[in-house]
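Hi,

Here is the structure I said I'd pass along. Have a look, and my notes come right after it.

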Amino acid sequence: MNNLLNVRRDTNLGQPLIPVLSFCVLLLTGCSALQNSGSGLYQPTPWTLEQNRNRLATVESLVQSNQREEAKNTADTINPAELSTEQKAQLNFLYGQIMLSFGDQQQALQRFKQIQPQQLSLPDQIKYFQAQSQAYTAVGDFLNSARARIELEPLLTSSEDHKKNQVLIFENLTLLPETVLQSAQRQAATPVAEWLSLASILKAKNQNPVRLNDAIMQWRTAYPSHPANTSYLQNLQRDLTDTANPPKSIALFLPESGVFAEAGKAIRTGIMAAYNHESNNPNRPAIRIYDSEKLTGSALYSQAMSQGANLIIGPLDKDKIQSLANAVRFSIPVLALNHVPGLRKENLYQFGLSPMDDAEQITSKAWIDGHRNAMVLTPDNEQGKRVAKFLMDSWQRKGGRVVIKKTYNPQQTDFSFIGKKLLNLDESKNRYQKITQATPNAQYTPRVRQDIDVILLSAYSEEARLINSEVQTARANPVAVYAMSNVYAGRPNPGTDAPLNKVTFCDAPWLLNNGYTGDLNMQALQPSWSQFSNQYYRLVAMGIDAYYLAGQLNNLQDSAYYGATGKLTLTDGHRIKRDLLCAKFIAGQPETRGFISGGH
């Protein structure tokens, strides 16, 4: 080897061999990647550019196939100094996507901020604005999420893509407080200001449809060439026209006695709040209330029909829904207030606060945030077993792994077993006992398990506070906790709920700050719901939606209804599905993080 470093001269040419050897070394080491541009700056060689083009294509393929670890490891091998300007933009974009797949939205946004979108190909520009919007939504920055989608709008070509994008623009903007929306509108340049002014109008979507329709027409006249003036507003105005002509007579089948009496009262409170709010609407339907505990379903149905009902809301009890469906052929629509699995019948719509929707939403949020390996933790009772199955099935359908399934006694206050599971204390002690047999003086240090990154939890707030405190102190880097909606008592209580900090959950927008901004928001209806314990708050919201859905049933398959209980759509089986608004406890209070659909 030393001989290679000696300067020797060719006997014929009299020139040193070092330049030749150096060139060979450069080829072997890759140091020939940069060449002098003539201006003192070095540029990547065509050979290096092609090599890195292949590496970037490999990373992109790994990102698309959700192989995030492999994608990051491959991206880390690429030297940014050897990339062209466009390739640097592509690498930052790929890193941003990788960070999103790990749930690190802040790092993703830092990468996105280093990119000038025009440096990307058109397909990547579309993906860039979609991913940027997703990251902003995940951190609760709804204004910038909407701005990203406004930038995306002129890049789209299909009417369906425009419709989906516009829905998400307004979904984000209508989550902003009115003061923020008005302030942003004053500061924004056209065309963003036009979107913001329309969003201010649409925040009143749950109010009088005639007034809202008139306001939209005025806006469309002022901005005739705006992209929202196409199918989005046309479809919305069509829905408003249908809503302005609700059923002339509604029959309510609700229990006034028995185990569901209080639940029925809460739902009726919400329905009547919405009904009374429409006192100036000449098309407001008549409402008759029937006690579902006094007569059979068929007898109730016959009585309601004879008294002119052309829509029924109720019953609430699953058994009564099934009994009514078995006994009657529905000649008018029935909006049942629960969900009976497997039940399908013409003119029967099922609307309930199903834990299936809760489980689907919270597992989707955990998955989008980059988690993959879960502990499922639910109460040791029948409801807990059902919820555990919903959580596990939903998580595994997404490709997640259930590492541990545990139950707890909801009457207990000692949740130290959770810390033991997270620290792997039982296994560590077993190993220590075996080691001490051979080495008596060995020191005991628990080995923190690394195979769990999320806990999927069902617990009421009292138990959840104890559980989360145990999780947060169990290890240096505690796992994330994603909980069903019952983790939130329904009213902000920063002092009491501080132990819930970092817990993510998804819930009815009506219960969350700025989640539901119509006249019938939770603050406005405090005298109505304050008579109930917190377990019934969501049923008041359900009553509000049940009233408004009476005029929306024909439209739900085409467009979502943003209600008090969530973003409502109709499945093929005529079940009304709820997309919930997600939030995270910060300083003891839930801070909204957007609807799940807002991340796509």
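Below is what I found, sheets first and helices after.

Some ground rules: this is a predicted model, where local features need pLDDT of at least 70 and side-chain atom pairs count only at pLDDT 80 or more, while totals for chains, interfaces and linings use all residues. Residues are numbered from 1 along each chain as its sequence is written, and side-chain values use heavy atoms, with hydrogens and water left out.

Helices (H or I, at least four residues) and strands (E, at least two) are DSSP runs, numbered from the N terminus. Two strands count as paired if DSSP finds at least two bridges between them.

One open sheet has five strands, ordered β4-β3-β5-β6-β7, with parallel pairing. Its edges are β4 (286-291) and β7 (348-350); each has a single partner strand, so one side of each lacks a neighbour in the sheet. From one strand to the next, the twist averages 20° (axes are lines fitted to C-alpha atoms, for helices over the stretch in contact, and angles run from 0 to 180 degrees between N-to-C directions). Inside this sheet, β3 (residues 249-254) and β5 (residues 311-313) pair in parallel over three bridges, with Ile 250 opposite Leu 311 in β5.

The other open sheet I noted has seven strands, in the order β9-β8-β10-β11-β12-β16-β17, and its pairing is mixed. Here β9 (401-408) and β17 (589-595) are the edge strands, each pairing on one side only, and the twist averages 25° from strand to strand. Seven bridges join β8 (residues 373-379) to β9, and the two run parallel; Thr 378 has Thr 407 in β9 as its bridge partner.

Now the helices. α7 (residues 122-138) has 17 residues, which should span 24 Å at 1.5 Å a residue (the expected span is 1.5 Å times one less than the number of residues); its end C-alpha atoms are 25 Å apart, so that agrees. It is mostly covered, with 12 of its 17 residues buried (under 20% relative accessible area; exposed is over 50%, partly exposed in between, with a 1.4 Å probe and protein chains only). Among the buried ones are Tyr 128, Phe 129 and Tyr 136. Just after α7, Gly 140 has a positive phi of about 80°.

Finally, the axes of α9 (residues 159-173) and α11 (residues 192-202) come within 9 Å and cross at roughly 70°. That makes α9 roughly perpendicular to α11 (65 to 115 degrees; under 35 is roughly parallel, over 145 roughly antiparallel and the rest oblique).

Cheers
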